[in-house]
Amino acid sequence: MTVVASKQASTRQVAPGQALLSVQNLRVAFGETEVVKGISFTARPGSCLAIVGESGSGKSVTARTLVGLTGGDARVAADRLDLDGTDLLALGERAWRRTRGKEIGFVLQDALVSLDQLRRVGAEVGEPLELHDWGDRRSRPERVVELLTSVGVPEPEMRARQRPYELSGGLRQRALIASAIALDPRLVIADEPTTALDVTVQAQVLDLLAASKERGTSIILISHDLSVVARLADEVAVMRDGEIVEHGVSRQVLCDPQHEYTRALLDAVPSEHTRGVRLVRGTSPSTPRERRPIDRGRPLLEGRHLTKVYRGPDGVDRTVVDDVSFELYAGETLGIVGESGSGKTTTARIALAMLEAEGGEVLLRGEPWSTLTQRERRPLRNRVGVVYQDPLSSFDPRWSVGRIVADALSRGPNPPSSAEERRTRVLGLLQKVGLGEHQVDVGPLRLSGGQRQRVAIARALAPEPELIVCDEPVSALDVSVQAQVLDLLTDLQDDLGVSYLFISHDLGVIHHMSDRVLVMKDGKVVERGTADDIFTRPQDPYTQRLLTALPRLEQAS
Amino acid sequence: MSAATLSPARQRTGIRLAVRPATVIAGAFVALVLLAAVAPGLLASGTPTQIDLTNALATPSWSHPFGTDEAGRDLLTRVIYGTRLSLGIGLGATGIAMSLAIVLGFVAGLAGGFVDTVITRVLEVFFAFPALLAALLVIAIFGPSVTTSIVAVGLGSMPGYARMVRGQVLNVRQAGYIESAHALGHGRWTVLRRHLFPNAMRPLVAVATLGVGQSIVWASSLAFLGLGVPPPSPEWGALLDAGRLYITTSWWLEVLPGLVIVLFALAVTSLGRTLQHRLEGAAR
């Protein structure tokens, strides 16, 4: 740490408050399509600028442009693109290589892809040192260990000798950050550095970047997640369709947004404040309705002491679901929240009877469900629907949207008797989930992510289920699309009284959707209760830790 | 299959077809060969057995573009009339290979465990023999004829297909849409028939097309060695076998039928590759 600090003192030339990086009227085009349409911003030492936007907004292209990695067929133009006096536009490939890593550090989203699987972590982290002739053969490994220590990697000597796939996602991301800051660059560009990370790990990574910022590094954070941004950024620029629509101090942008799009984005973030409120601004259900009452009589779906054991490749048994019990009542949403590896998806698959449990059983309306034979269960399958995280892979690639939904209709209690009736009912279902007639004959490949998830919901609804298991149904969607899908699920519940077993790693989504919540960790249920109890008065230390780690919009400084 | 599902890929291939003249030429050549197989009389004026001893072993000329053989028969006419048999052997052999491969591949892929191990081991033993050697074994047992040629080449090329089918089955079994179909309560057979089979077979359509060209080459090689369809049949391989005696004096007896075989195999391979790209493009 001391080495880092002393080196910084010598390299920092730009006084705080002055611009380190100035970007004026930056334009990037691929062929005829302009994806970045004249944006301007500055990055200052010891300060973090966040560029926020949804997929296709041009934020990642902007990030890549700043490190000269746009690729050969891109045309980059700007009135000014200047890093402390150096014109970045004029840099050739060789000059870029000298700049990248040394002057500008780049942290990518997916550490598993970004790190070479066949090289040791130490070699990957030390690569920038070697490339830029830092130290010698003996001092470099020492520096690598020092770097790994500084980013909070436990047992750094041992980790440096391991290969990326032997490290957890959080450790890999930290190693990647260590590599980006190895030469102590004055500017670090982080493109979605915490996406795909669990919330507690995300908090650690954000703290790490914050510490780097404290030491005077200028950070440009690219993210789709407004809450993450709130935790770290001093300034926020909101991008949409290649333009910055709003730019200002983060507290102001996040708490008092001026632009309509920023407001819509912020409204779309599900949290404890959005329960019972529509996430998509200015929309309302087609017909005003009351929420159906939850029938607290006999549970619709009941899991009793479920246990699932997997034998690992090392021959050691791991209990992935450990004595989990739950009950779900008609018309209710039961949320299961937990980090990756907590056993929530396995629990969902057992509830669906797609996976057999070693212990315990699942009852449907008080009748046996998990203990039935496949043959006995098949006629009852229509009562339990399912929506997956990745809808595309759950569709036969040869089938059109219409055929997918029609196939599900045929499994319902009263399948359509004629081709005409089938078409009418398919259209009706598509309409219910917000799709139109022109999508019937289209293949799902040609639909957007949100539309695909709508098709998946239509398919789940088609056989008139009492219950739909939703396994991370919105995790792959942009926040505004996520908002639409969550609103749709809420409307459908109000309309049809269907129950949801709702699995998510996203605490905000769970709080928004659930009546009652199970918190899972290491295969066990650590806490259960109503959503408000869990989120406002958590009893279990793990739940408390999760909630503390959760970035919130109100943290904007 | 819904037309809409595939249409983006189809459009793309359409453009590629237009800019890739090789594919167009290959298509035209295959079409010509198919025509020769169906209606040889349309392409050749004479008959393949018309003997003209005064004109034996004539070099290629305007009246005999491929020359004549030792009995004065027009070689081009014989090649044209031999098409049906050669193509039949190619299709038949590929058919046998594919059918066996599908059965073995699906049984191995679906059953798993012991059955899978046994089938995979047997296929590996087959692999240890070069395909032509395996074919020779069949011919050694049953003697050369059209039927043994088909069976021999079919058996020889079967293991490669079977391994591909098994891989496909294992792959598609894991697909999300298989689980979705089960979750909707479809039975195992319905899922197999509607989802598993067509999706697993999709890439194999192109592979089988490639196989037809390959089979014809193999059958011709066997015939050249005197182990395929015996002369005086005008089957392409048999023509090579018959011309072998005159190879030092009358080059056209070997070169021109050989060229037809090579060109046909090339053309089919080219079309098969195009098909493969298209199917893979459509399957994301």
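**Exercise 1. Determine how many residues each chain brings to the contact between chain B and chain A, and how much area is buried there.**

Solution. In this predicted model, chain B contributes 25 residues to the contact and chain A contributes 28 residues. The area buried between the two chains is about 2400 Å². Carbon and sulfur atoms give 54% of that area.

**Exercise 2. Describe the polar side of the contact, and identify the elements and residue classes that chain B presents to chain A.**

Solution. Begin with the charged pairs: two salt bridges are counted between chain B and chain A. One of them joins Arg349(A) to Glu179(B). The closest N and O atoms of Arg349(A) and Glu179(B) are 2.7 Å apart, and the cut-off for a salt bridge is 4 Å, so the pair qualifies.

Next, count the polar contacts: 14 residue pairs, with both residues at pLDDT 80 or more, are in polar contact between the chains. On the side of chain B that touches chain A, helix 1 (3-19), helix 8 (176-183) and helix 9 (188-224) each supply at least two residues. By class, this side of chain B holds nine nonpolar, 11 polar and five charged residues.

**Exercise 3. Characterise the second largest pocket by its volume and its lining.**

Solution. The volume of this pocket is about 870 Å³. Its lining consists of 23 residues, and those nearest its centre are Arg173(B), Ile178(B), His182(B), Arg188(B) and Val191(B). Both chains take part: helix 14 (374-377) of chain A, and helix 8 and helix 9 of chain B, each give at least two residues to the lining. The largest share, five residues, comes from helix 9 of chain B. Sorted by class, the lining has 10 nonpolar, six polar and seven charged residues.

**Exercise 4. Give the volumes of the largest and the second largest cavity, and state which elements line each of them.**

Solution. The model has seven cavities of 30 Å³ or more. The largest cavity has a volume of about 100 Å³. Among the residues lining the largest cavity are Arg381(A), Arg459(A), Ser180(B) and Leu184(B). Strand 17 (384-387) and helix 17 (449-461) of chain A, with helix 8 of chain B, give two or more residues each to this lining. Its classes are seven nonpolar, three polar and two charged residues.

The second largest cavity holds about 80 Å³ of space. Its lining includes Trp399(A), Arg459(A), Ser180(B), Leu184(B) and His195(B). Helix 15 (401-409) of chain A and helix 8 of chain B each supply at least two residues, and helix 8 of chain B gives the most, with three residues. This lining divides into six nonpolar, three polar and three charged residues.

Technical notes: Residues numbered from 1 in each chain as written. Chains lettered and ligands numbered in written order. Predicted model: local features only at pLDDT ≥ 70, side-chain atom pairs only at ≥ 80, totals over all residues. Heavy atoms only, no water. Contact = heavy atoms within 4.5 Å. Buried area = accessible area lost by both parts, 1.4 Å probe. Salt bridge = Lys/Arg side-chain N within 4 Å of Asp/Glu carboxyl O. Polar contact = N/O pair within 3.5 Å; in protein donor to acceptor, adjacent residues only side chain to side chain. Helix = DSSP H or I, 4+ residues; strand = E, 2+ residues; numbered from the N terminus. Nonpolar A, V, L, I, M, F, W, Y, C, P; charged D, E, K, R; others polar. 1 Å grid on protein atoms, 1.4 Å probe; cavity = no way out; pocket = protein on both sides within 12 Å on 5 of 7 lines; lining within 4 Å. Points joined across faces, edges and corners; volume = space filled by probe spheres on them.
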